[in-house]
Amino acid sequence: MQDLAISESEWLAALFEGLTTELEVLLPSEWAEQKRYLPPSSTSMPGFYRFAVTPYMREIVDCFSVESPIREVAVMKGVQLALTTNLENIVGYYVDHVGNAPMMLLTADAELAKDRLEQYIIPMLQISGLSDLIKPADEKNKRRTGLTSKKVEWKGGGFMLPFGAKNAAKLRSFPIQVLLRDEVDGYPDTVGKDGCPLKLSAARTAGY
């Protein structure tokens, strides 16, 4: 009878043979077309996201690639042109493909930020098959799910904070790698004595 047992060194060598020196880095637009699913409840063209429908958004979204040299993106646009949908694509890209980035979604007020998280971003992750990635930083704590009304955490250590532009204290409290601003025309010019919310939020990325 042939002995099928292998030595520890042979077992380890077999593992190393399966390794590669290449690291696959997707562009956010590539990720969206592979993973982002749009249900019939949100669009008249359900299915995987297609930049053939919104070709003008591809370059904007790809500026958020982990390999992009672009550090700031500003968009002036009309209504219903899929920018908010593509902000969600960027979140999905960082949850699934990057993993460890601290993010902030800043919109006009705290209630709108909470609604955006609960009604759009979390359903987007669920429908796109990413629910299993939503995990707390302390995975041993069985009482935590990785999701609250104030924060969503995911596998790899990344998280996203949904904030409103009127809360100065929160805008200066966290270092952030990726800052996504939406509904900027609804921001106040100043937040009390603290100044412009655009400058306050931008300082969070400088801190990171």
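These are my notebook entries on a predicted model of one protein chain.

**Entry 1: the fold in outline**

I began with the secondary structure and found 7 helices and 6 strands in the chain. Reading from the N terminus, I noted the order α-α-β-β-α-α-β-α-β-β-α-β-α. The C-alpha atoms fill a box of roughly 80 × 40 × 35 Å along the principal axes. I also looked up how far apart in sequence the contacting residues lie. Of the contacts between residues at least 6 apart, 64% join residues at least 24 apart.

**Entry 2: surface and charge**

Next came burial: 37% of the 208 residues are buried. The accessible surface of the chain comes to about 12,900 Å², and carbon and sulfur atoms account for 53% of that surface. For charge, I have 23 positive and 27 negative side chains on record here. The centres of these two sets lie 10 Å apart.

**Entry 3: a nonpolar patch**

Which residues make the nonpolar surface patch of about 560 Å²? My list reads Trp-11, Leu-12, Leu-15, Phe-16 and Leu-19. I then placed Trp-11 and found it in helix H1, which covers residues 8–17.

**Entry 4: Glu-88**

Is Glu-88 buried or exposed? Glu-88 has a relative accessibility of 7%, and since buried means under 20%, this glutamate counts as buried. Its place is in helix H4, the helix that spans 83–98. I wanted to know what surrounds this acidic side chain, so I set aside its neighbours within four places in sequence. The contacts of Glu-88 are then Arg-36, Arg-116, Tyr-120, Ile-121 and Met-124. Two arginines are on that list, Arg-36 and Arg-116, and arginine counts among the positive residues.

**Entry 5: two positive phi values**

I finished with the backbone, where a couple of residues other than glycine caught my eye. Ala-82 has a phi near 80°, a positive value. I found Ala-82 in the loop between helix H3 (58–62) and helix H4 (83–98). Glu-183 has a positive phi as well, near 55°. Where does Glu-183 sit? Its loop runs between strand E6 (178–181) and helix H7 (197–207). How accessible is Glu-183? I have it at 35% relative accessibility, and because the partly exposed class lies between 20% and 50%, Glu-183 counts as partly exposed. For the two glutamates I looked up, then, my notes read buried for Glu-88 and partly exposed for Glu-183.

Note on methods:
Residues are numbered from 1 along each chain as its sequence is written. This is a predicted model: local features need pLDDT of at least 70, side-chain atom pairs count only at pLDDT 80 or more; totals for chains, interfaces and linings use all residues. Side-chain values use heavy atoms; hydrogens and water are left out. Helices (H or I, at least four residues) and strands (E, at least two) are DSSP runs, numbered from the N terminus. Buried means under 20% relative accessible area, exposed over 50%, partly exposed in between (1.4 Å probe, protein chains only). Contact means heavy atoms within 4.5 Å. Accessible areas come from the Shrake-Rupley method with a 1.4 Å probe; for residues, only the protein chains shown count as cover. The place of a charge is taken as NZ of Lys, CZ of Arg, CG of Asp or CD of Glu. Patches are made of residues with over 30% relative accessible area and no salt bridge: like charges are joined within 9 Å, nonpolar side chains (Val, Leu, Ile, Met, Phe, Trp, Tyr) within 5 Å. A salt bridge is a side-chain nitrogen of Lys or Arg within 4 Å of a carboxyl oxygen of Asp or Glu.
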